[in-house]
Amino acid sequence: MDQKAYKRWQEEVKKAKTRDAKFITASGNPVELMGIPDMLEDFDYDRDLGMPGQFPFTRGVHANMYRGRLWTMRQFAGFGSPEDTNARFKYLLENGQTGLSVAFDLPTLMGRDSDDPWSEGEVGICGVSVSSLRDMEILFDGIPLDKVSTSMTINSPAIILLAFYVAVAEKQGVSPEQLRGTVQNDILKEYIAQKEYIFPPNPSMRIIVDMIEYCTEKMPLWNTISISGYHIREAGSTALQELAFTLADGFAYIEAALERGLDIDEFAPRLSFFFNSHNDFFEEVAKFRAARRIYAKRMRDKYGAKKERSWILRFHTQTAGCTLTAQQPENNIVRVAYQALAAVFGGTQSLHTNSMDETLALPSEKAVKIALRTQQILAYETGVPHTIDPFGGSYFMEDLTNKMEQGAEEYFQKIDDLGGVIPAIEKGFFQKEIAQAAYRYQVEIENGDRYIVGVNAFKEKNEKIEIPLLQVSPEVEKRQVERLKALKRERDNTKVNSLLKELRQAAVENKNLMPVIVECAKAYATVGEMVNTLKEVFGEYRESADF
Amino acid sequence: MEKKIRVLVAKAGLDGHDRGAKVVASFFRDAGFEVIYSGLRQTPQMIVDTALQEDVDVIAISILSGAHMMVFPKILELMKKNNMNDVLLTGGGIMSEDDIKKLEELGTGRLFGPGSSLKEAVEYIRDWYRKNKKIPNEE
């Protein structure tokens, strides 16, 4: 670099008029005005980037990336009754969506049946209500499970919903080894961020390892966990915290499975990740690139995985729901498009684009179609997927990627010093870090240090927010409760009771829970019955109310 | 000693999304309110019981799950039963303008939808306190 020219440039920058604005990332870090070669003095192409599909996978996980196959367009959907969501699934498949993604309602996520007193007012509201195999049969009616891949966002009771899925498939004549899909099954981020936990951390980890063990043997195409940063970010973390905490969770699962005596090269290829794509474009791209590199290095060098497939971090991305605004909701289409673009520059394997109306309700049909079309325009019109990692080698981007990696390593050290992920959760470490970042971000908005178009800048006077919203009828709850009551009358209750006893026994004796849960599912035992049985053995988790 | 406005920030129902509740609780604290945070998974009965025990001036509900049309009316009913006429019920979260209007007509205080300003919420509570409680010796 011509040092004379550089000096002159620096002088000119100093003298130049600067806009009255804060040049910080969405995470609050200062941004370099420009990347320069000096930032990458130690840069080594082969060591730091390499070829796509080769260690350390910084540029991507496939040799030809999106020329081989585009990312999977997967819109998360679920509301009301299983019939309602079944119709939405069919609508999305007809419009060119390539995989299903199920959103369950809060009672289901918390392991409660639709007739539980805690479920009142929440049945079918923020996802589909599933209390038994009967509901699951309706949910996937007419959808061939040997053809589609299904992602299920379910955590605490994931083992039960997976058993329902296996049982529905069996009724369609599809065997477990043919099933493709994912259960989110990431309990650690529940304690850290989303807070839909049921059991304490240790028994929860045991259930997860049970599922990994079962799937490794019986469901080779199934992704056993989707280790999720999405919710950590939505809870208010920075990009770096999302990256570091999510990878730390991933390593905790790997260590738990290794402790059980499982072979890393048997189970690691079925682990996948799930990240958020937020507003700050470059920071997001750097985050995705750093994630692949950190993971590959640790898997090979720390955990000793031998297969290349085990070193690969594959991930799903969802655009950031928390960045959307209720004000001027059409603007959200644009936000989502930029966020989707960052995810694709970052090399995502699948993508959910949020709908413009999601700050107020679950998406309407029209809004979700625009969100899907946003991905299709990106895939087929922009030319972006034709080339791989176009930011690779950019001084600015490589510097940012390096900083992400270094920052994550510092967090890993802090977590180790606290005794690992679970002790750090119990000490409230992650929760406090995230809450502080969320607060700082909100105060920046309140003080006008950060602009949100339509909210604290470029506001419409006397704006009336008028977009059609999806309404879930209170009738859904009534019908779901009636269906559950009928089911409990009609099924073989002697069999259900004896299977629930077996489940309790397996829990006490540390046997793998999956086979008996599949039997319970087939006998139409409910989510609530199974979870309550397990609560008797494992207890329930409570967190302290700090802010 | 100056009397501080006492606010119970509460999460109702099964909803575990506590970003909003925590941000609001911190902002209220920094604005000089005395803040009690309920923690997660509270029934309307539990919230009203805490409000009585803690002798709060304001109950502020944070809700994302869509169950607001059940939660707010139940809390209002319990507040009436307990003669809590001098306690303000307010809140914020993922609620449409139509729902907010309906709930305010039922008798809640002002409710805040997505994108609301925290400063405005603080001003609203201070204003309510001045008008409805004896001496405005806050600030």
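These notebook entries record what I looked up in a predicted model, feature by feature.

**Entry 1. The start of chain A**

I began with helix 1 of chain A, which has 13 residues. I noted a reach of 18 Å from its first C-alpha to its last, close to the 18 Å expected at 1.5 Å a residue. I then looked at the N-terminal end of this helix and found A:D2 as its cap. A side-chain oxygen of A:D2 lies 3.0 Å from the backbone nitrogen of A:K4.

**Entry 2. A nonpolar patch**

I asked which residues form a nonpolar patch on the surface. They are A:V13, A:L33 and A:M34, with about 270 Å² of accessible area together. I traced A:M34 to the loop between helix 1 (3-15) and helix 2 (45-48) of chain A. A:M34 has a relative accessible area of 40%, so I entered this residue as partly exposed.

**Entry 3. A cis peptide bond**

I recorded a cis peptide bond between A:F55 and A:P56, with omega at about -5°. A:P56 is placed in the loop between helix 2 and strand 1 of chain A.

**Entry 4. The surroundings of A:Q75**

I located A:Q75 in the loop between strand 1 (72-73) and strand 2 (76-77) of chain A. Is A:Q75 buried or exposed? Its relative accessibility is 0%, so A:Q75 counts as buried. I followed the side chain of A:Q75 to the backbone oxygen of A:T353, which it reaches at 2.8 Å. I also found a polar contact of 3.1 Å between the side chains of A:Q75 and A:Q375.

**Entry 5. Aromatic pairs**

I noted 34 aromatic pairs over all chains of the structure. I examined A:F199 and A:F538, whose rings pair edge-to-face, at 5.5 Å centre to centre and with 75° between the planes. This pair links distant parts of the chain, 339 residues apart. I placed A:F199 in the loop between helix 7 (188-194) and helix 8 (201-218) of chain A, and A:F538 in helix 22 (residues 527-538) of chain A. Both A:F199 and A:F538 are buried.

I turned next to A:F288 and A:F315, which form a stacked pair, with 5.0 Å between the centres and 10° between the planes. A:F288 belongs to helix 12 (residues 281-302) of chain A and A:F315 to strand 9 (residues 315-319) of chain A, so the pair ties together parts that are 27 residues apart in sequence. I entered A:F288 as buried, because its relative accessible area is 1%. A:F315 also counts as buried, at 2% relative accessibility.

I then asked which residues form one aromatic cluster with A:F288 and A:F315. The other members are A:F251, A:F273, A:F275, A:Y295, A:Y303 and A:F412.

**Entry 6. Positive phi values**

I looked up A:D389, a residue other than glycine with a positive phi, near 40°. A:D389 sits in the loop between helix 15 (365-380) and helix 16 (395-417) of chain A. I listed A:D389 as buried, because its relative accessibility is 5%.

In chain B, I noted a positive phi near 50° at B:N83, which is likewise not a glycine. B:N83 lies in the loop between helix 3 (68-81) and strand 4 (88-93) of chain B. Is B:N83 buried or exposed? Its relative accessible area is 58%, so I entered B:N83 as exposed.

Technical notes
Residues are numbered from 1 along each chain as its sequence is written. Chains are lettered from A and ligands numbered from 1 in the order in which they are written. This is a predicted model: local features need pLDDT of at least 70, side-chain atom pairs count only at pLDDT 80 or more; totals for chains, interfaces and linings use all residues. Side-chain values use heavy atoms; hydrogens and water are left out. Patches are made of residues with over 30% relative accessible area and no salt bridge: like charges are joined within 9 Å, nonpolar side chains (Val, Leu, Ile, Met, Phe, Trp, Tyr) within 5 Å. Accessible areas come from the Shrake-Rupley method with a 1.4 Å probe; for residues, only the protein chains shown count as cover. A salt bridge is a side-chain nitrogen of Lys or Arg within 4 Å of a carboxyl oxygen of Asp or Glu. Helices (H or I, at least four residues) and strands (E, at least two) are DSSP runs, numbered from the N terminus. Buried means under 20% relative accessible area, exposed over 50%, partly exposed in between (1.4 Å probe, protein chains only). The expected span of a helix is 1.5 Å times one less than its number of residues. A polar contact is a pair of N or O atoms within 3.5 Å; within protein, one must be able to donate a hydrogen and the other to accept it, and residues adjacent in sequence count only if both atoms are side-chain atoms. Rings of Phe, Tyr and Trp (its six-membered ring) pair if their centres lie within 6.5 Å; planes under 30 degrees apart count as stacked, over 60 as edge-to-face and the rest as tilted.
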